[in-house]
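This report is meant for someone meeting the structure for the first time. Please keep the sequence and the 3D view at hand while reading, and look up each part as it is named.

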Amino acid sequence: MIMSATRSGSEPSAALLTAASLASQAAGQGTAMHAFCTQLYPMLRSITGQGVRDTLAAIGHHIPLTVTEVPTGTKIFDWEVPQEWVVRAAWIKGPDGRKVVDIADHNLHLVNYSAPFRGTLTLDELRPHLFSLPDRPDWIPYRTQYFKRDWGFCLTDRQLQALEPGSYEVCVDTDLVQGSMTFGECILPGDSTEEVLVSTHVCHPSLANDNLSGIATATWLAKTLAALPRRHYTYRFIFIPATIGAICWLSQRQDVTQRVAHGVVISGVGDGGQYHYKRSRRGNADIDRIMALMLAESGEAHEQIPFFPYGYDERQFCSPGFNLPMGCFSRSTYGSYPQYHTSADNLDFIRPEHLERSLQLLLTAFGMVERNGTYLNLSPFGEPQLGRRGLYSLIGGHNEGQKLQLALLWVLNQSDGTNSLLDITEKADLPFGLIHQAAEALLNCGLLGEGRTPV
């Protein structure tokens, strides 16, 4: 596995990002991101099936996307690709012949991966197949049974309590067939073959925060990075079914994992909760440090969480056989808000401004990833004379100028070919942007040169 690696700084990185802040390109994008979530919301997604393909097709209208189909039965480590789920209709008719539950009204009404069934049942016989939330009587729960061949319906508890004794006609017009599991990849080549891996899950039906917000944010992140004239790293965005999709991707792309230098799983970034970053299994990978620094400098309320082997797909990427430097970025964490995995996680629960801010913060972090060079002081015997190189004109007498002077001295002192700009930022307790500005100035006047990548 590649350990933490930073690029050498043989030339100014302004060519990579342009003079304007990369994060500023998120401005005004929240409305379009929310509209994209609205487009995806009605699609019936699962870990396999047409809903995933339709979702990937929609993503492909915004970014270049390659779609891979992995056939049913393919061995993927300790698992195998399951049968594909096909849904045509699902409903229950009451004693009066009227439909009391219908998937046509809401995708969550059918337990995901329900096996086919047709029959007439009494209410007592039907009840074990019905799921509701007594403490949230107007919400529909989200339930799955991927590996249990059964069927079920979810409904509001108010609907459940209104059911009267009698005969109920049940139709679950589904199939489990030999098909495939589908995932999408967007690859943005950079100067380096080392990769930044961004993952988000695409399997949940009609749940906005979990995870249409992640899909939209990853798509707009890729769109923004694709527009850059140049990138140092190669960026790979993967849109995968949760858990088994991540295992499938890892099985199919073992060669790629050797090149992953940084990675982030994105999920639940559209609600109004405070930000959370869950560290990688390594605990102090460069991406962990960069995300911590970005959040600290953002002024946003946030919490850092140590790695634990549960949650989203970071636990697959961080399994001991891979141990990739991948953390998880979210607002409210999974299961921590009442709307989680219910019909209340709808398009009103996520807001354009929250999506936009999440995009902005991730762009800020990736800007740090791109600019985190390692340099060599070319005048290391005492402090070089800054005045005759025009650097004092940048400094002036004001407070910000004094901070820049300190940043220049920190960069000169620490640039021995082993310390990255991230290392220097942490030691100096100065903003990353200021340290980078100092490095750019020193590069431009010939005081810094190419360093080496720390081992």
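Helices and strands are taken here as DSSP runs, with a helix being H or I over at least four residues and a strand being E over at least two, and both are numbered from the N terminus. On that basis, the protein chain contains 15 helices and 19 strands. This is a predicted model, in which local features need pLDDT of at least 70 and side-chain atom pairs count only at pLDDT 80 or more, while totals for chains, interfaces and linings use all residues. Residues are numbered from 1 along each chain as its sequence is written, and side-chain values use heavy atoms, with hydrogens and water left out.

**The chain as a whole**

Taken along the principal axes, the C-alpha atoms of the protein chain fill a box of roughly 95 × 45 × 35 Å. Residues are called buried under 20% relative accessible area, exposed over 50% and partly exposed in between, using a 1.4 Å probe and protein chains only. Of the 455 residues in the protein chain, 58% are buried. Contact means heavy atoms within 4.5 Å, and among the contacts in the protein chain with a separation of 6 or more, 82% are between residues 24 or more positions apart.

Two pairs of C-alpha atoms give a sense of distance within the model. Gln-402 and Asp-124 are 278 residues apart along the chain, and their C-alpha atoms are separated by 77 Å. His-129 and Ser-180 are 51 residues apart in sequence, with 28 Å from C-alpha to C-alpha. Gln-402 itself belongs to helix 13 (residues 399–414), and it counts as partly exposed because its relative accessibility is 45%.

**Helix 2 and its two partners**

Helix 2 (residues 30–40) packs with helix 6 (residues 208–226) at an angle of about 130 degrees, and their axes are 9 Å apart. The axes are lines fitted to C-alpha atoms, for helices over the stretch in contact, and the angles run from 0 to 180 degrees between N-to-C directions. Angles under 35 degrees count as roughly parallel, over 145 as roughly antiparallel, 65 to 115 as roughly perpendicular and the rest as oblique. Helix 2 and helix 6 are therefore oblique to each other. On the side of helix 2, the contact is made by Ala-32, Met-33, Phe-36, Cys-37 and Leu-40, while helix 6 brings Leu-212, Ser-213, Ile-215, Ala-216, Thr-217, Thr-219 and Trp-220. In this classification, Ala, Val, Leu, Ile, Met, Phe, Trp, Tyr, Cys and Pro count as nonpolar, Asp, Glu, Lys and Arg as charged, and the others, Gly among them, as polar. The contact of helix 2 with helix 6 thus has 9 nonpolar, 3 polar and no charged residues.

Helix 2 also packs with helix 3 (residues 50–59), at an angle of about 155 degrees and with their axes 11 Å apart. That angle makes helix 2 roughly antiparallel to helix 3. Here the contact involves Phe-36, Gln-39 and Leu-40 of helix 2 together with Thr-55, Ala-58 and Ile-59 of helix 3, and by class it has 4 nonpolar, 2 polar and no charged residues.

**Three buried residues**

The table gathers three residues by place and relative accessible area.

| Residue | Place | Relative accessible area |
|---|---|---|
| Asp-423 | helix 14 (residues 421–428) | 16%, buried |
| His-129 | loop between helix 4 (123–126) and strand 7 (130–131) | 16%, buried |
| Ser-298 | helix 9 (residues 286–298) | 18%, buried |

Leaving aside neighbours within four places in sequence, Asp-423 is in contact with Arg-289 and Thr-418. The side chains of Asp-423 and Arg-289 are joined by a polar contact of 2.6 Å, a polar contact being a pair of N or O atoms within 3.5 Å, where within protein one must be able to donate a hydrogen and the other to accept it, and residues adjacent in sequence count only if both atoms are side-chain atoms. Helix 14 is largely enclosed by the rest of the structure, because 6 of its 8 residues are buried. These buried residues are Leu-421, Leu-422, Asp-423, Ile-424, Thr-425 and Ala-428. After helix 14 comes Asp-429, whose phi is positive, near 55 degrees.

With the same neighbours within four places left aside, His-129 is in contact with Asp-150, Trp-151, Gly-152 and Phe-153, and Ser-298 with Arg-357 and Leu-361. The side chain of Ser-298 also reaches the backbone oxygen of Leu-295 at 2.7 Å.
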